[in-house]
Amino acid sequence: MRILRAAGRAAAPWSNGGGVTREIAVHPQGAGWDGFAWRVSLADVTRDGPYSPLPGVRRILTVVDGAGLELTVDGTPRLLPGRYRPYAFPGRATTLSRLLDGPVVNLNVMLREGRAAATVEVVAGSWSPEREPEPGPEPDGRVAGGPDPAGGPDLVGGPDPAGGLLVVALEGATRLTVPGEPCESGVRLERFDAVLWAGPDALPGGLRTDGTVAVVRLRGRPPG
């Protein structure tokens, strides 16, 4: 288990000046744009504008702060009012973003097609690996993010442990407990702190939170 604190994350400005991105986690660790299997980040978006095209990448976007936005993906508008509405779309698409009422913060999950897949679920209370995400009114990030890579199994703990579980605190300070661990001691997370389970211990038996968190379940396969 790795605790990833929000304090001190480097902010990378966008080339178009519309915001900044802070990376939470990436696999393989330290990978750049050309080498990641998956990447999870937070973006502060301050103005309307186009998204950079990302061929070969699947995206799941969730507004986690602010009034929401409208995405137009290959000419089709999709309204994401308020917070906590995961939405999956292809990175290669021509995508425009319009803020509904001021700046927003987005949780972005990026998945290399053929190497990684994911689900994103916003949880208040408890979560377990057996829990089925509740479907939204339209296909979205709760049940989307691309098919399992090459139809392969979850390779958590395999030769390229791209799979795992990432939990990001969304509502203020959160106390996260893992049933079955000694004394079930809580991990205190401030807003936008995260916890990553990767490799053989990537799926804890369950989680409980007294706040609201995003649960990102990641699946992957080795390259090649």
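Student: What makes strands 5, 10, 7 and 8 an open sheet, and what is its order?
Tutor: The order is 5-10-7-8, with antiparallel pairing. Strand 5 (49-50) and strand 8 (76-81) stand at the edges with a single partner strand each, so one side of each lacks a neighbour in the sheet. Strands here are DSSP runs of E, at least two residues, numbered from the N terminus. This is a predicted model; local features need pLDDT of at least 70, side-chain atom pairs 80 or more, while totals for chains, interfaces and linings use all residues. Residues are numbered from 1 along each chain as its sequence is written, and side-chain values use heavy atoms, without hydrogens and water.

Student: How do you know that strand 7 and strand 10 pair?
Tutor: Pairing needs at least two bridges found by DSSP. Strand 7 (residues 68-73) and strand 10 (residues 95-99) have five, and run antiparallel. One of the bridge partners is Thr 95, matched with Val 73.

Student: Why is the contact of Glu 23 and Arg 39 called a salt bridge?
Tutor: The rule asks for a side-chain nitrogen of Lys or Arg within 4 Å of a carboxyl oxygen of Asp or Glu. Here N to O is 3.0 Å, so the pair qualifies. Glu 23 is in strand 3 (residues 19-27) and Arg 39 in strand 4, 16 residues apart.

Student: Is Arg 39 buried or exposed?
Tutor: Buried means under 20% relative accessible area, exposed over 50%, partly exposed in between (1.4 Å probe, protein chains only). Arg 39 has 11%, so Arg 39 counts as buried. Glu 23, at 34%, is partly exposed.

Student: What makes Arg 92 exposed?
Tutor: Its relative accessible area is 55%, and the cut-off is passed.

Note on methods:
Helix = DSSP H or I, 4+ residues; strand = E, 2+ residues; numbered from the N terminus.
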